[in-house]
Amino acid sequence: MTQAEETSKPSAPISRNDMRVYRSEELFCSESAIQINHHGAIYTLRITQLGKLILTK
């Protein structure tokens with residue numbers, strides 16, 4: 001498999017220390033914010049202009 005094919009294919013979650021690890025690109029796609037439903041409460045996870053993640057309720 002070429003390097004381009006490897007980086008363009010969707011990857012499965014990586015397991016690290018019994019935790020799934022997702023790349024932010026997989027979660028956000030081309031968006032700058034996503035919403036997460038956690039036990040009925042909606043949270044917004046967004047990427048700032050500096051590339052940091054902010055989680056708000």
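Accessible areas here come from the Shrake-Rupley method with a 1.4 Å probe. On that basis, the protein chain exposes about 5300 Å². Carbon and sulfur atoms supply 52% of this area. The model is predicted. The protein chain has 57 residues, of which 7% count as buried.

The chain contains two helices and five strands. Read from the N terminus, the elements follow the order α-β-β-α-β-β-β. Contacts across long stretches of sequence were also counted. Among contacts with a separation of 6 or more, 2% join residues 24 or more positions apart.

Three of the strands form an open sheet. Their order in the sheet is 3-4-5, and the pairing is antiparallel. Strand 3, residues 33-38, is one edge strand. Strand 5, residues 53-56, is the other. Each of these edge strands pairs on one side only. From one strand to the next, the twist averages 25 degrees. Strands of a sheet pair through backbone hydrogen bonds, either parallel or antiparallel.

The pairing of strand 3 with strand 4 comes next. Strand 4 covers residues 41-47. Six bridges join strand 3 to strand 4, and the two run antiparallel. Several partners can be named. Gln35 has Thr44 in strand 4 as its bridge partner. Asn37 is partnered by Ile42 of strand 4. His38 has Ala41 as its bridge partner, again in strand 4.

Strand 3 and strand 4 also form a hairpin, with two residues between the strands. His39 lies in the loop that links strand 3 and strand 4. Its phi is positive, at about 55 degrees, although His39 is not a glycine. Is His39 buried or exposed? The relative accessibility of His39 is 77%. Exposed means over 50% relative accessible area, so His39 counts as exposed.

On the other side of strand 4 lies its pairing with strand 5. Four bridges join strand 4 to strand 5, and these strands run antiparallel. Leu45 stands opposite Leu55 in strand 5. Arg46 stands opposite Ile54, also in strand 5. Strand 4 and strand 5 form a hairpin with five residues between them. Gly51 sits in the turn of this hairpin and has a positive phi of about 85 degrees.

A positive phi also occurs ahead of the sheet. Cys29 lies in the loop between helix 2 and strand 3. Helix 2 spans residues 24-28. The phi of Cys29 is near 50 degrees, a positive value in a residue other than glycine. With a relative accessible area of 64%, Cys29 is exposed.

Charged side chains were examined last. Side chains of opposite charge can pair when their charged atoms come close. How many salt bridges does the count give? The count comes to one salt bridge. In this salt bridge, the side chains of Glu25 and Arg23 meet, at 3.4 Å from N to O. The cut-off for a salt bridge is 4 Å between a side-chain nitrogen of Lys or Arg and a carboxyl oxygen of Asp or Glu, so the pair of Glu25 and Arg23 qualifies. Glu25 is partly exposed, with a relative accessible area of 47%. Arg23 is partly exposed too, at 46%.

Notes:
Residues are numbered from 1 along each chain as its sequence is written. This is a predicted model: local features need pLDDT of at least 70, side-chain atom pairs count only at pLDDT 80 or more; totals for chains, interfaces and linings use all residues. Side-chain values use heavy atoms; hydrogens and water are left out. Two strands pair if DSSP finds at least two bridges between them. Axes are lines fitted to C-alpha atoms, for helices over the stretch in contact, and angles run from 0 to 180 degrees between N-to-C directions. Buried means under 20% relative accessible area, exposed over 50%, partly exposed in between (1.4 Å probe, protein chains only). Contact means heavy atoms within 4.5 Å.
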